[in-house]
Amino acid sequence: MKLDALILAAGAASRFGGCKLLAKWQGKPVMERVLDTASQLPLERLAVVTGAYHQDILNYLGQRNNVDILYCADWQAGMGCSLAYGVSQLPPENAVLVLLGDQPLIDTDDLQQLLTTWKANPHTVTCAAFAGTRGVPAIFPATAKPWLLQLSGDRGAKGLLNGNDVIAVPLPNAAFDVDTRSDLLHVKQG
């Protein structure tokens, strides 16, 4: 049961008005928390899908040799395209943990809980449950990759996550992501 991690970091962050992933939170860029948390897991590969701010993220992460940077040329087409592209760059036989680069409250305990649940059910999609919905972080077994590879446009994996054969793990921290500067201010104060 090999596991790769894919951090989605391709969007334009238009509501934020700049590269929110490199905005400072607790003295480090927002995405650094996600990278640090993911790197605590037993992963085969850790990759970041970039797009709008590819060069900025590349400049920041360029010194890290444990992170693969994958540029999605069609990032403007939406999260579905970025996710499909990232999955296409990973070994087909490995499961994949999908994370968002703007969820700094996700911690090691959250990911460990998700991982433990998935290991008990390795052929089933395992995702976060929060605020009355399902979402990422989520672990997709290798058998789900053909479906992920067909994603396009702005539609991410929500359709698959809302299916019946999915295990949802309560992760309240997944409810928060940084979309605006006031979100970042809120998390700094909280």
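Contact here means heavy atoms within 4.5 Å. That cut-off is needed below, where the cover around one helix is described. The structure is a predicted model.

**Overall build**

The chain holds seven helices and nine strands. Its C-alpha atoms fill a box of roughly 40 × 35 × 30 Å along the principal axes. A compact globule of 190 residues would have a radius of gyration near 16 Å, and the chain's value of 15 Å agrees with that. Of the 190 residues, 49% count as buried. The accessible surface comes to about 8800 Å², and carbon and sulfur atoms account for 49% of that surface. Among contacts between residues at least 6 apart in sequence, 71% join residues at least 24 apart.

**Helix H3 and its cover**

Helix H3 spans residues 79-88, and seven of its 10 residues are buried, so the helix is largely enclosed by the rest of the structure. The buried residues of H3 are Gly80, Cys81, Ser82, Leu83, Ala84, Gly86 and Val87. What covers them includes the strands E1, E4, E5 (68-71) and E6, along with helix H5 (145-149).

**Strands E1, E4, E6 and E8**

Two of the strands that cover H3 can be described residue by residue. In E1, seven of seven residues are buried. Leu3, Ala5, Ile7 and Ala9 point one way from this strand, while Asp4, Leu6 and Leu8 point the other way. This fits a general pattern: in a regular strand, side chains alternate between the two faces of the sheet.

E6 is also largely enclosed by the rest of the structure, because six of its six residues are buried. Ala95, Leu97 and Leu99 lie on one side of E6, and Val96, Val98 and Leu100 lie on the other.

How do the strands pair? E1 runs parallel to E6, and six bridges join them. E1 also runs parallel to E4, again through six bridges. Aspartate 4 has a bridge partner in each neighbour: valine 96 in E6 and arginine 45 in E4. Further along E1, isoleucine 7 stands opposite leucine 99 in E6. E6 in turn pairs with strand E8 (residues 133-140) in the antiparallel sense, over three bridges. Valine 98 of E6 stands opposite alanine 138 in E8.

**Nonpolar cores**

In soluble globular proteins, nonpolar side chains tend to be buried together. The largest nonpolar core in this model has 30 residues, and Met31, Leu35, Val48, Leu97, Leu99 and Ile139 touch the most other members. Several elements supply at least two residues each to this core: strands E1 (3-9), E4 (45-50), E6 (95-100) and E7 (125-130), and helices H1 (30-38), H2 (54-61) and H4 (108-120). A second, separate core has 26 residues, among them Val49, Val87, Val98 and Leu148.

What does methionine 31 touch? Leaving out residues up to four places away in sequence, methionine 31 touches Ala9, Leu21, Leu22, Val48, Ile57, Leu61 and Gly101.

**Salt bridges**

The count of salt bridges comes to three. They are listed below with the N to O distance of each pair.

| Acidic residue | Basic residue | N to O distance |
|---|---|---|
| Aspartate 102 | Lysine 20 | 2.7 Å |
| Aspartate 36 | Lysine 28 | 3.3 Å |
| Aspartate 68 | Arginine 45 | 2.4 Å |

Lysine 20 lies in the loop between E1 and strand E2 (24-25), and aspartate 102 lies in the loop between E6 and H4, so this pair ties together parts that are 82 residues apart in sequence. Are these two residues buried or exposed? Both lysine 20 and aspartate 102 are buried.

In the second pair, aspartate 36 counts as partly exposed at 24% relative accessibility. Its partner, lysine 28, is partly exposed as well, with a relative accessible area of 42%.

The third pair links distant parts of the chain, with aspartate 68 in strand E5 and arginine 45 in strand E4, 23 residues apart. Aspartate 68 is partly exposed at 31% relative accessibility. Arginine 45 has a relative accessible area of 22% and is therefore partly exposed. The cut-off matters for arginine 45, because a residue counts as buried when its relative accessible area is under 20%. Arginine 45 is also the bridge partner of aspartate 4 in E4.

How values were computed. Residues are numbered from 1 along each chain as its sequence is written. This is a predicted model: local features need pLDDT of at least 70, side-chain atom pairs count only at pLDDT 80 or more; totals for chains, interfaces and linings use all residues. Side-chain values use heavy atoms; hydrogens and water are left out. A nonpolar core is a set of buried Ala, Val, Leu, Ile, Met, Phe, Trp, Tyr and Cys residues joined through side-chain atoms within 4.5 Å. Buried means under 20% relative accessible area, exposed over 50%, partly exposed in between (1.4 Å probe, protein chains only). Helices (H or I, at least four residues) and strands (E, at least two) are DSSP runs, numbered from the N terminus. Two strands pair if DSSP finds at least two bridges between them. A salt bridge is a side-chain nitrogen of Lys or Arg within 4 Å of a carboxyl oxygen of Asp or Glu. The radius of gyration is taken over C-alpha atoms; the globule rule is 2.2 Å times the number of residues to the power 0.38. Accessible areas come from the Shrake-Rupley method with a 1.4 Å probe; for residues, only the protein chains shown count as cover.
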